[in-house]
Amino acid sequence: MIRIGIVGTGNTVSIAERHLKGILEDGRGAVSCVYNRNMDTAEAWVRRHGLDAVAAHSYEELLDKVDAVIICTPNSSHASLAIKAMEREKHVLLEKPLGVTLKECREIQEAANRYPGIKMVGFTNRFSPVVKKAKEYFKEMGEVFSLTAYTGGKRLADPGIGVEWRMKRELSGSGALCDFGSHLLDLSLFLTGRKYEAVTAMMDTVIKERKGERVENDDMASIICSAPGTLGTFTVSRVGMDSLRLIASGEGGMVEFSLRDKGYVTFWEKKRTGGYTQRQETWYGNGDDPFIGEIGTFIDGIQNKDVGYPTIEDALYVSKVLAAAEKAAEEKREVLVETQEIT
């Protein structure tokens, strides 16, 4: 049985709950230790879920008791926690994005290159059955000309909700852009295999204060990414947006999918040297939780099975695009992704 440590149980909405569900469903691992900066919160989380786990007094104590860690803390702590775990040769599943600055992201990559073990990033949407089916159609479609996607959430549309760490620049970096945009950019990479080279963007904050405290980052953003022969447009919002939807066209057809409810994906075939044919297929999802697939892949990797998963290198590319988007929005101009080095 693989001993797994959960780092960060949250004070409001916690992604740790979703990871726990995946661990319990998979059955090959067990949460043996939990760490949160607030000891009472960690103990309450263990009791609430009926776990046979220790609430650690320190992160170092947790590392002593586990084989693998799942890091669910604010973005600003990702680098220090992930690097410490790697130095102890623990397997790491790190929530996205890698960090607040590209310097932190690069330090994580350098550590990942030095130490053994699985280093996986929590781009959970890759593990949705609908996305996996869409990947098959993308292979059939061939070269992708355009890709458009949007996603976000509704909870923070209520201005009565106070400022959370996600709204603080020092803890989160950008807001909706990194929180939701990182998922869309990773999906584009996963589905097409292409990396964008240039970015333009717009960002805005519509709820500027919450309970008298200033919101420090964006509520919504739109970015346009390009590389020779392909264009990607992405819109995100944390103040009112539907579930993730994506549509793409290419030399061999068009793919559309939605993750709303159980989800679906539709493919329209096109002859690569001609027009669209009469072939149209729609595949409906079954509502399977992608976190179960994500945890299963993490454990497969730990057990030395040859599986693909979102890597630190993938996440570093995503962080570079996000950094370029922020700069593009601020300076109101196109920014090259390759120029986004250590800052």
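Author: Before we look inside this predicted model, one piece of bookkeeping: Ala, Val, Leu, Ile, Met, Phe, Trp, Tyr, Cys and Pro count as nonpolar, Asp, Glu, Lys and Arg as charged, and the others, Gly among them, as polar.

Reader: Fine. How do you know how the lining of the largest cavity divides into nonpolar, polar and charged residues?

Author: Go through the names: the lining is L177, G181, I223, F234, T235 and V236. Leu, Ile, Phe and Val are on the nonpolar list, while Gly and Thr fall among the others, so they go down as polar. That gives 4 nonpolar, 2 polar and no charged residues.

Reader: What makes it a cavity and not a pocket?

Author: The way out. In a cavity a 1.4 Å probe fits but cannot get out, whereas a pocket is an open set of points. A search of the whole structure turns up 1 cavity of 30 Å³ or more, and about 40 Å³ of space lies in the largest cavity. Helix 8 (176–192) and strand 12 each give two or more residues to its lining, with strand 12 giving the most, 3 residues.

Reader: And the second largest pocket: which element gives the most to its lining?

Author: Helix 10, with 7 residues. The pocket has a volume of about 410 Å³. It is lined by 22 residues, and those closest to its centre are V100, R169, L322, A323 and E326. Helix 5 (102–114), helix 7 (169–172) and helix 10 (312–331) are the elements that give two or more residues to that lining. By class, the lining has 9 nonpolar, 9 polar and 4 charged residues.

Reader: Back to the strands. What makes strand 11 an alternating one, and which side chains point to which face?

Author: Strand 11 covers residues 220–227. A221, I223, C225 and A227 point to one face and are buried, while M220, S222, I224 and S226 point to the other and are not. In a regular strand the side chains alternate between the two faces of the sheet. I223, on the buried face, is also one of the residues that line the largest cavity.

Reader: How do you know that strand 11 pairs with strand 8 and strand 12?

Author: Count bridges. At least two are needed for a pair. Strand 8 (residues 198–204) and strand 11 have 7, in the antiparallel sense, and T200 has I224 as its bridge partner. Strand 11 and strand 12 (residues 230–237) have 8, also antiparallel, with T235 as the partner of S222. Both counts clear the cut-off of two, so both count as pairs. Strand 11 and strand 12 form a hairpin with 2 residues between them, and G229 in the turn has a positive phi of about 85°.

Reader: Now the parallel sheet. Why is strand 1 called largely enclosed?

Author: Because 5 of its 6 residues (2–7) are buried, which means a relative accessible area under 20% for each of those. Strand 1 runs parallel to strand 2 (residues 29–35), with 6 bridges, and parallel to strand 4 (residues 68–71), with 4 bridges. I6 stands opposite V34 in strand 2 and opposite I70 in strand 4.

Reader: What makes strand 3 and strand 6 the edge strands?

Author: The open sheet has 6 strands in the order 3-2-1-4-5-6, with parallel pairing. Strand 3 (54–55) and strand 6 (119–121) each pair on one side only. For strand 6, 3 bridges join it to strand 5 (residues 91–94), and K119 is the bridge partner of V92. Helix 4 (residues 78–87) packs on the sheet, touching strand 1, strand 4, strand 5 and strand 6, at about 165° to strand 5. Helix 9 (residues 290–302) lies across strand 1, strand 2, strand 4, strand 5 and strand 6, at about 160° to strand 5.

Reader: Last one: R126 lies in a loop. Is it buried or exposed, and how do you know?

Author: The loop runs between strand 6 and helix 6 (129–141). R126 has a relative accessible area of 9%, and the cut-off for buried is under 20%, so R126 counts as buried. Its contacts, leaving aside residues up to four places away in sequence, are V131, K132, D186, L187, L189, F190, Y309, P310 and D314. Take F190: R126 and F190 are 64 residues apart in sequence and 7.5 Å apart in space, C-alpha to C-alpha.

Definitions and conventions:
Residues are numbered from 1 along each chain as its sequence is written. This is a predicted model: local features need pLDDT of at least 70, side-chain atom pairs count only at pLDDT 80 or more; totals for chains, interfaces and linings use all residues. Side-chain values use heavy atoms; hydrogens and water are left out. Buried means under 20% relative accessible area, exposed over 50%, partly exposed in between (1.4 Å probe, protein chains only). Contact means heavy atoms within 4.5 Å. Axes are lines fitted to C-alpha atoms, for helices over the stretch in contact, and angles run from 0 to 180 degrees between N-to-C directions. On a 1 Å grid over the protein atoms alone, a cavity is a set of points where a 1.4 Å probe fits but cannot get out, and a pocket is an open set with protein on both sides within 12 Å along at least five of seven lines; lining residues have an atom within 4 Å of a point. Grid points are joined across faces, edges and corners, and a volume is the space filled by probe spheres set on the points.
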